[in-house]
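Visitor: Please take me through one part of this model in detail. I would like a close look at how the two chains meet, and then at a helix pair beside that.

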Number of protein chains: 2
Amino acid sequence: MYTSCLLLDLYELTMAASFFEQKVALEATFDLFVRRFPKNRSFFVAAGLEKAVHFLEHFSFTRQEIDFLKQKGIFKDAFLDYLKEVRFTGSVYALPEGTIFFPNEPLMRITAPIIEAQLVESYLLNTMNVATMLCSKAARVVAAAKGRGVYDFSLRRTQGQDAGLAAARSSYIAGCFGTSNVLAGLQYGVPITGTMAHSFVMSFKTELESFRAYASTFPDAATFLVDTYDYRKGVENAITVAKELEAKGHKLRAIRLDSGDLAVISRRARAMLDNASLAYVKIFASGNLDEYKIEKLFKEGAKIDTFGVGTNMGVSSDAPYLDVIYKLSHIEDAKGNGNPVMKLSKDKVTYPGKKQVFRQYNKKGLYQKDILALEGEKVEGKALLIKVMENGILTSPLPTLEKIRAFTESNLKALPNKYKELYAQAQYPVALSKGLRQMIAQLTREIKSKG
Amino acid sequence: MYTSCLLLDLYELTMAASFFEQKVALEATFDLFVRRFPKNRSFFVAAGLEKAVHFLEHFSFTRQEIDFLKQKGIFKDAFLDYLKEVRFTGSVYALPEGTIFFPNEPLMRITAPIIEAQLVESYLLNTMNVATMLCSKAARVVAAAKGRGVYDFSLRRTQGQDAGLAAARSSYIAGCFGTSNVLAGLQYGVPITGTMAHSFVMSFKTELESFRAYASTFPDAATFLVDTYDYRKGVENAITVAKELEAKGHKLRAIRLDSGDLAVISRRARAMLDNASLAYVKIFASGNLDEYKIEKLFKEGAKIDTFGVGTNMGVSSDAPYLDVIYKLSHIEDAKGNGNPVMKLSKDKVTYPGKKQVFRQYNKKGLYQKDILALEGEKVEGKALLIKVMENGILTSPLPTLEKIRAFTESNLKALPNKYKELYAQAQYPVALSKGLRQMIAQLTREIKSKG
């Protein structure tokens, strides 16, 4: 999908115009990170890098966009001429998609001429926020389902269309089995799945007739929605048609429950199916589910094989945004003189310098502790930030979706269980290195003395 | 922006395939409506129609999309051949954008061949949900600001890119003064605005130098962000540069506060500016604002002229989705025999028949009561659903953005204040007409007797 480079906040352009006129030729390093956890979160799963990198690779204003800016009368011609030619020529370090990370750890680190680094800010924040938020949420839902299939059914309620695509991709990365979103199948190769709607059942004179019609078209891939009128009668009708399918050598795939007390109804439906020797017919449940409800359903003895999870996962309804920010941490002038920088605003302190995240493991290979350090500092652990772009060019091909999904699974396994509880999670330790602590102390003194 | 028609849930296609094979040639009527209020909402403002209608007008699958479906091996060739040619040929009634509405009142009513009506479901729900949700949220923020300017600053945290555009457009409709989102300026004509970021200030050796640089580029349109290091010093620096601008015949536009106790700081900043004879310099505030915080700031005597509101408005963080649904209400066979339909699932009952919403006014011209009725029923009040498409073609041009914004303002004025409180709102009365009540009773009996 083409995205306009004008999808930015106007101040990126006004600041750029001022830098341009003042001939400010700094190379800037920005960290993109999440400041703090939303309620009920104890880890994040990085996602969105593929889309972000694609944007950076193709960054360029169109003629129409420049004409629009000219028309606005805000900018001088020399600056608009510069914008016509500007491309992203910087370098990018990032956490590979599927990496588990924590507040204050850079998810991306951008080093570029300051104007370029600013022009891409809004898009990068937007893209990384939605993909990472939805991936982190879906990882919780997948964990609650304890290995049973979870499908993303959120498209109709996601906040817009590309959010629907991000939800499908991010939830698949997090371990979902697939999505109802057909375009996500075409664009990303996410497996697609579908059942039927109440309106389908209502379009026929009887429920039984609707099941027969659907089974005739999809004799080996039918899931009947049984609760349009009364689920008991619905399950009976499903059993009738399942037997008719058996007589023709086919098998009903599943029934779907979409309302009512799913724990009670699923147990009764399971018993009815089993009594009819239809143990192979799966029970698919949907209807306002999330990780909390799925955990509760298991506690209540629900007999559910597969979950369709929509809105709550697709908008991360209990935490609909991350406190993601993009902060200047280092500047270097044309002569190569570098300076770490930091901000001191109340509650909004940032960490200075070009940084790296080191992860330490325990003897079992599980994550034990992270150290946020300065680049080049000798710190024990695995460096998590990887160079993905240099001079505006991708350094090596990005992994496939399947590889990202497998990588995520292995990362989630290496995160100790106490950090994966749905409520009252333990806090994973992230320490600052000695070098970073010294730099912070020195800069704080300098800023305060400037007063 | 082009949107793929494959942005749909797979079951729309599997149901369509079954309808196609079974030669089900029904004309279906669907209502798109919101089932209930989220917490702390007492009215909705309709938005999203322009985009929805644009989608319906251009509905058509591309060759690449058909090839993808063929490759999936789910569908037979005859159905895929049908999909190549399918267009939306139905009729649409809708609430004009900016209309105030309430739960169970159709926001759109679609009548079309049942396959077409299903194929557009996911997109319509997605589009109307996000636009209406964000417009309804922004109307609350605008009300809390009591006439002071509110600008949409949400792009970096909206759930994706088209959500950012929807936020800018919807919040402008709701009464915001503009947006930081430049593309929303190009695409929709929303006024755009911008200030500066902390990184700009940090890119210069001193704050004073950064203000001078910006003022030199934008001598008549500068807003200085004064809290990068210490707001007192920041305001002093702003005053210094404001005086330098005055000497050259220019005027500083505003200072911006983005952190700390905005009530206290804005009062102090106002006093400092006034003491320096800079009463014309406005105070712009931002930083995690929403309608609740704005109301609180006024109570605490904040001296703020303009608000930049981001994340909480742009993702409607306290209600990040509406319970919007698309339900079959009427079917008609090829011979013209029509039947109203309804669903009886627990907690998910729907209202049958082709419906209209009538609004009654009190003597002052304020909204008093709505009646949800059957089309053609004689009911007192103004009919709110307007025909916008017939046979897939727009019946008349849609209003401009400025007209929609003015229409919204007049609607909001006609909604009595008790429904506009931020907390503990009164519930606006929506009654069912006699005809609709009788139809519901009859259909309930019929469904129950079918068992």
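Guide: Here is the contact between the chains, followed by one helix pair in chain A. Keep in mind that this is a predicted model.

Start with chain A on its own. Its secondary structure comes to 16 helices and 19 strands. The C-alpha atoms fill a box of roughly 80 × 55 × 40 Å along the principal axes. Chain A has 451 residues, and 53% of them count as buried. Take the contacts in chain A between residues at least 6 apart in sequence: 72% of these join residues at least 24 apart.

Now bring in the partner. In chain A, 80 residues are in contact with 79 residues of chain B. Several elements of chain A each supply at least two residues to the side that touches chain B. The helices are helix 1 (10-21), helix 3 (63-72), helix 6 (121-144), helix 7 (161-173), helix 8 (182-188), helix 9 (198-202) and helix 10 (207-217). Strand 12 (324-332) is on the list as well. Helix 1 of chain A gives the most, with eight residues. By class, this side of chain A divides into 38 nonpolar, 30 polar and 12 charged residues.

Next, the symmetry. A turn of 180 degrees, with a shift of 0.0 Å along the axis, lays chain A on chain B with an RMSD of 0.0 Å. The two copies are therefore related as by a two-fold rotation axis. In chain A, the C-alpha nearest that axis belongs to Q159(A), at 2.9 Å. The same surface serves both copies, since 99% of the contact residues of chain A recur in chain B.

Two of the contributing helices, helix 6 and helix 7 of chain A, also pack on each other. Two packed helices are described by the angle between their axes and the distance between the axes. Here the angle is about 45 degrees, and the axes are 8 Å apart. That angle makes helix 6 of chain A oblique to helix 7 of chain A. The crossing of helix 6 past helix 7 in chain A is right-handed.

Look at the residues in this contact. Helix 6 of chain A brings V130(A), A131(A), L134(A), C135(A) and A138(A). They meet A163(A), A166(A), A167(A), S170(A), S171(A) and I173(A) in helix 7 of chain A. By class, the contact between helix 6 and helix 7 of chain A has nine nonpolar and two polar residues, with no charged residues.

Notes. Residues numbered from 1 in each chain as written. Chains lettered and ligands numbered in written order. Predicted model: local features only at pLDDT ≥ 70, side-chain atom pairs only at ≥ 80, totals over all residues. Contact = placed C-beta atoms within 7 Å. Helix = DSSP H or I, 4+ residues; strand = E, 2+ residues; numbered from the N terminus. Nonpolar A, V, L, I, M, F, W, Y, C, P; charged D, E, K, R; others polar. Least-squares fit on C-alpha atoms with pLDDT ≥ 70 in both. Axes fitted to C-alpha atoms, helices over the stretch in contact; angles between N-to-C directions. Parallel < 35°, antiparallel > 145°, perpendicular 65-115°, else oblique. Left-handed = near helix turned anticlockwise from the far one by under 90°. Buried ≥ 20, exposed ≤ 12 C-beta atoms within 10 Å, placed from the backbone.
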